[in-house]
Each structure stands twice: as structure tokens, then as C-alpha cells.
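Please open the model in the viewer and keep the sequence panel visible. The tour proceeds from the whole chain to a pair of helices and then to a single residue.

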Amino acid sequence: KIGYFTKKLKKNQKLRLVENFQRRFRQKIVNGIIDRESLIIAEKLSKLYWEINFSWKNQNNAYFEFAR
């Protein structure tokens, strides 16, 4: 999950959402179809977001930075 709400979207809205994702993160082909490259980019963004915001190591480092 990377910040896109998709549960209540209609088919054409999902197509636009994928097109906008591709415009932002993969400009080579913007067609609204979730292909392998788009999926890999989304997975990496999700992992990066998790590591930055929720990893125990980063929370500890933030605490130590704040405590100094």
C-alpha cells in the first residue's frame, strides 16, 4: 500500500489512477495497464515507505537523535 485508495473506484477511475502512477514513477509507457515494471516500482515504494516510517531501527535512531 502506497497511498492510493482503490476500494470504491470505478473501472475508468482505476485506469486513471494507474495512468497517474505511471506518469509519476515510470514515464516510458503511460497506458493505465499494470505491467511488471509498474508492479515492481510499487512494491519497492511500499517497502521503502515501510522502512522509513515503521522500522524499529529507524524509530530508535529517531529517538536517539531527538534525545541528543
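How much area does the chain expose, and what share of it do carbon and sulfur atoms supply? The chain exposes about 6400 Å², and carbon and sulfur atoms supply 59% of it; accessible areas come from the Shrake-Rupley method with a 1.4 Å probe. This is a predicted model, in which local features need pLDDT of at least 70 and side-chain atom pairs count only at pLDDT 80 or more, while totals for chains, interfaces and linings use all residues. Residues are numbered from 1 along each chain as its sequence is written, and side-chain values use heavy atoms, with hydrogens and water left out.

Select the whole chain and display it as a cartoon. Its secondary structure consists of three helices and zero strands, where helices are DSSP runs of H or I with at least four residues and strands are runs of E with at least two. Of the 68 residues in the chain, 15% are buried, that is, under 20% relative accessible area.

Next, select residues 11-25, helix α1, together with residues 36-54, helix α2. The two pack at an angle of about 75°, with their axes, lines fitted to C-alpha atoms over the stretch in contact, 11 Å apart. This angle makes α1 roughly perpendicular to α2, a term for angles of 65 to 115 degrees. Show the side chains of Phe21, Gln22 and Phe25 of α1 and of Ser38, Ile41, Ala42 and Leu45 of α2, which make the contact (heavy atoms within 4.5 Å).

Finally, select glutamate 19, which lies in helix α1. Is this glutamate 19 buried or exposed? Glutamate 19 is buried, because its relative accessible area is 15%. Leaving aside residues up to four places away in sequence, glutamate 19 touches Val30, Asn31 and Gly32.

Key. Axes fitted to C-alpha atoms, helices over the stretch in contact; angles between N-to-C directions. Parallel < 35°, antiparallel > 145°, perpendicular 65-115°, else oblique. Buried < 20%, exposed > 50% of the residue type's maximum accessible area, 1.4 Å probe, protein only.
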